[in-house]
Amino acid sequence: MKTFTNTNAQTLDQAVALVQQARTDGQTASLVGGGSDLLALVKDFIVKPDVLVNLKTIKGLDQVVPGAGGVDIGGLITLDALGSHPMIRSQYTVLAEAAETVATPQIRNVGTLAGNVCQRPWCWYFRNGFPCLKNGGSTCFSVGGENQFHAIFGGGPSYIVHPSDTATALVALDAKFRVVGPSGERMVPATDFFVLPRQDAARENILAPGEVLSGVQLAPTPPVRRSTYNKVLDREAWTHAVVSAAVVLDMDKEICRRASVVLGGVAPIPWRVPNVERLLAGQRITPDLAAKAGEAAVAGAQPLAKNAYKVPMTKALVRRTVLALATRA
Ligand SMILES: Cc1cc2nc3c(=O)[nH]c(=O)nc-3n(C[C@H](O)[C@H](O)[C@H](O)COP(=O)(O)OP(=O)(O)OC[C@H]3O[C@@H](n4cnc5c(N)ncnc54)[C@H](O)[C@@H]3O)c2cc1C
Ligand code: SF4
């Protein structure tokens, strides 16, 4: 592991300033929340920071703060605290369920919401230091190599899948991301936060160097809303989604007035399926309609040589999740 200096930020402004100072001094700096992703990358020489800016020393950035405009969730909240928070569980169930499916209890105890959303890809080639597009190179090794867990939508020139369970849920909830940087604060809709490789193959989101994801804002939950997160893994626990579905339905008795359906594990960004949302809106959700939703969810899928199994898996997951949520007592 390369040597680095650790700095404990006391405020968001100080965190931003510490990154700026490092850059002015010709050094590289990395933000660190729980460190459960970053420190592995540092140990493996994938990321080589001169300075670590520790965000966990900023007080108050781990709170859930309800207000008239919904709820503000601090980016430094741990995944465990998020998943077990009573208000998040009852009103933003999809987010609580997504948080509690992440990794292991140990990782959920240290991993933060912002760190989970901003975690780097888990493509085998990237994590093993291959000089691919994500590691400063000019090629993608997965296209003709190991691509069992890669994208079936939105791929090219990199074919990663976005690894964050909470990101998928946040897009389904139309969250706004609070970004703090050298020029102040801005709110970014969750859908605009993530970047496809064709826009920029080297990164996964719009954060500029030195910008911090300080939290997320969620609109109030209407009483008619119900939501859930379902995830398929290749083993019982402790791993990322092979395919996942975050579904939010506003129900008027048996009729779905509005649907939000976002897929995880299938694209380089949380993958919204607007054709499925349109299909469900204004309809009674029957087994037949849920099956049609499953079919619509995979329209336009472009599997690689080794991941075509994700197409029927996605179809089945969307069908089951939509039907179970709509018919839940
Ligand atoms: C074995 C294993 C299994 C896993 N399984 C899953 C899973 O099933 N689902 C899932 O979603 N994840 C999974 N993960 C990833 C895990 O959830 C992440 O490691 C964790 O959520 C990252 O949180 P952290 O606070 O520790 O982030 P850190 O390691 O501190 O940071 C992660 C990245 O985000 C950046 N960052 C951190 N905080 C901020 C901020 N506030 N603003 C801007 N950038 C920031 C860092 O610079 C770094 O690049 C798994 C990880 C492991 C090791
Ligand atoms: S999918 Fe992305 S991370 Fe994986 S080898 Fe290709 S460019 Fe690298």
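This report describes two ligand sites, one strand hairpin and three unusual backbone positions in a predicted model.

**The surroundings of ligand 1**

Ligand 1 is surrounded by 32 residues, and of these Leu31, Ser36, Thr112, Asp165 and Thr239 are the closest. Sorted by class, the residues of this shell divide into 16 nonpolar, 13 polar and three charged. Certain atoms of ligand 1 also lie a short way from polar atoms of the protein backbone, and the table lists three such pairs, each with its distance.

| Atom of ligand 1 | Backbone partner | Distance |
|---|---|---|
| oxygen | polar backbone atom of Gly35 | 2.8 Å |
| oxygen | backbone N or O atom of Pro163 | 3.2 Å |
| nitrogen | polar backbone atom of Leu213 | 2.9 Å |

When ligand 1 is taken alone, it exposes 970 Å², and the protein buries 92% of that area. Strand S2 (29–32), helix H7 (113–118) and strand S8 (212–218) are the elements that give two or more residues to the shell around ligand 1. Among the elements, H7 gives the most to this shell, with four residues.

**The surroundings of ligand 2**

The space that ligand 2 takes up is the largest cavity. Around ligand 2 there are 13 residues, of which Cys123, Cys132, Cys140, Ser158 and Tyr159 come nearest. The shell around ligand 2 has nine nonpolar residues, together with three polar residues and one charged residue.

**A hairpin of two strands**

Strand S4, which covers residues 64–67, pairs with strand S5, which covers residues 70–74, and the two run in the antiparallel sense over four bridges. Together S4 and S5 form a hairpin, with two residues between the strands. Within this pairing, Gly67 stands opposite Gly70, a residue of S5.

**Unusual backbone positions**

Most residues other than glycine have a negative phi, and most peptide bonds are trans. Against that background, three places along the chain deserve a second look.

The peptide bond that joins Gly156 and Pro157 is cis, with an omega of about 0 degrees. Pro157 itself lies in the loop between helix H8 (124–127) and helix H9 (165–172).

Which value does phi take in Ala103, a residue other than glycine? The phi of Ala103 is positive, near 45 degrees, and Ala103 is found in the loop that runs between helix H5 (93–101) and helix H6 (105–110).

Trp238 is not a glycine either, yet Trp238 has a positive phi of about 75 degrees. The loop that holds Trp238 lies between strand S9 (225–232) and strand S10 (243–252). The residue that follows in the numbering, Thr239, has already appeared in this report as one of the closest residues to ligand 1.

Definitions and conventions
Residues numbered from 1 in each chain as written. Chains lettered and ligands numbered in written order. Predicted model: local features only at pLDDT ≥ 70, side-chain atom pairs only at ≥ 80, totals over all residues. Heavy atoms only, no water. Near = heavy atom within 4 Å. 1 Å grid on protein atoms, 1.4 Å probe; cavity = no way out; pocket = protein on both sides within 12 Å on 5 of 7 lines; lining within 4 Å. Sits in = over half its atoms within 2 Å of the grid points. Nonpolar A, V, L, I, M, F, W, Y, C, P; charged D, E, K, R; others polar. Pairing = 2+ DSSP bridges. Polar contact = N/O pair within 3.5 Å; in protein donor to acceptor, adjacent residues only side chain to side chain. Areas by Shrake-Rupley, 256 points an atom, 1.4 Å probe, with all protein chains shown as cover.
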